[in-house]
Amino acid sequence: MRCFNHSEIEAVAVCKSCGRALCHDCITEVGLGCSCKGRCESDVASINDLAERNRTVYQKNSAIYWWSGIVLISFGVLIAGYGTVAAMFSKDLAGSLWTLLYGVLAIASGFGCFVAARRILQK
Ligand SMILES: [Zn+2]
Ligand SMILES: [Zn+2]
């Protein structure tokens, strides 16, 4: 691929904003991206800014999922434990088993939250 401005020179990078191939003389670095010198610098800077903000949002969402998962599993263990004890000692076996089932469901959704949190971070 040749430079957009110098057809005889091999391009070394592509502008993050307009996608043009550029040679060493035509390119400048903005943050983690490359940009046309004197043309796309502010655009690339705002693209970088946006990407950075997206990443922070993902991390925040992921943290929320982690905490929901932890809370759900803690509650689930308590409820399931209560259901187990009730099933052994109370006369209302059906009711106790339902309680146990709710606990298990809460634990399962807690693990679902963990999976969601991991998926967000992998994006
Ligand atoms: Zn450009
Ligand atoms: Zn050039």
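In the hairpin formed by β3 and β4, 2 residues lie between the strands, and Gly31 adopts a positive phi near 60°. The model described here is predicted. Strand β3 (residues 27-30) pairs with strand β4 (residues 33-36) in the antiparallel sense, over 4 bridges. Within this pairing, Thr28 has Ser35 of β4 as its bridge partner.

The hairpin strands also take part in the largest nonpolar core, which has 10 residues. Its members are Cys3, Cys15, Leu22, Cys26, Ile27, Val30, Cys34, Cys36, Cys40 and Val44. Two or more residues of this core come from each of β3 and β4. In soluble globular proteins, nonpolar side chains tend to be buried together. Val30, a member of the core, has contacts beyond its neighbours within four places in sequence, namely with Ser35, Glu41, Val44, Ala45 and Asn48.

The helices are set out below.

| Element | Residues | Residues named within the element |
|---|---|---|
| α1 | 41-89 | Buried: Val44, Tyr65, Gly69, Leu72, Gly76, Gly83 |
| α2 | 93-122 | Partly exposed: Gly112, with 14 C-beta neighbours inside 10 Å |

Helix α1 comprises 49 residues, which at 1.5 Å a residue should span 72 Å; the C-alpha atoms at its ends are 72 Å apart, in agreement with that expectation. The cover over the buried residues of α1 includes β3, β4 and α2. One of those buried residues is Leu72. Its C-alpha atom lies 10.0 Å from that of Gly112, although 40 residues separate Leu72 and Gly112 in sequence. Gly112, located in α2, counts as partly exposed because it has 14 C-beta neighbours inside 10 Å, whereas a buried residue requires 20 or more.

At the level of the whole chain, the protein has 2 helices and 4 strands, in the sequential pattern β-β-β-β-α-α. Its radius of gyration is 27 Å, well over the 14 Å that the globule rule gives for 123 residues, so the protein is more spread out than a compact globule. The C-alpha trace spans about 90 × 25 × 15 Å along its principal axes. Two domains are assigned, domain 1 (1-39) and domain 2 (54-122), and their C-alpha centres lie 51 Å apart.

Of the 123 residues in the protein, 18% are buried. Among contacts with a separation of 6 or more, 35% are between residues 24 or more positions apart.

Notes
Residues are numbered from 1 along each chain as its sequence is written. Chains are lettered from A and ligands numbered from 1 in the order in which they are written. This is a predicted model: local features need pLDDT of at least 70, side-chain atom pairs count only at pLDDT 80 or more; totals for chains, interfaces and linings use all residues. Two strands pair if DSSP finds at least two bridges between them. A residue is buried if 20 or more other C-beta atoms lie within 10 Å of its own, exposed if 12 or fewer, and partly exposed in between; C-beta atoms are placed from the backbone. A nonpolar core is a set of buried Ala, Val, Leu, Ile, Met, Phe, Trp, Tyr and Cys residues joined through C-beta atoms within 7 Å. Two residues are in contact if their C-beta atoms, placed from the backbone, lie within 7 Å. Domain bounds come from an automatic or database domain assignment. The expected span of a helix is 1.5 Å times one less than its number of residues. The radius of gyration is taken over C-alpha atoms; the globule rule is 2.2 Å times the number of residues to the power 0.38.
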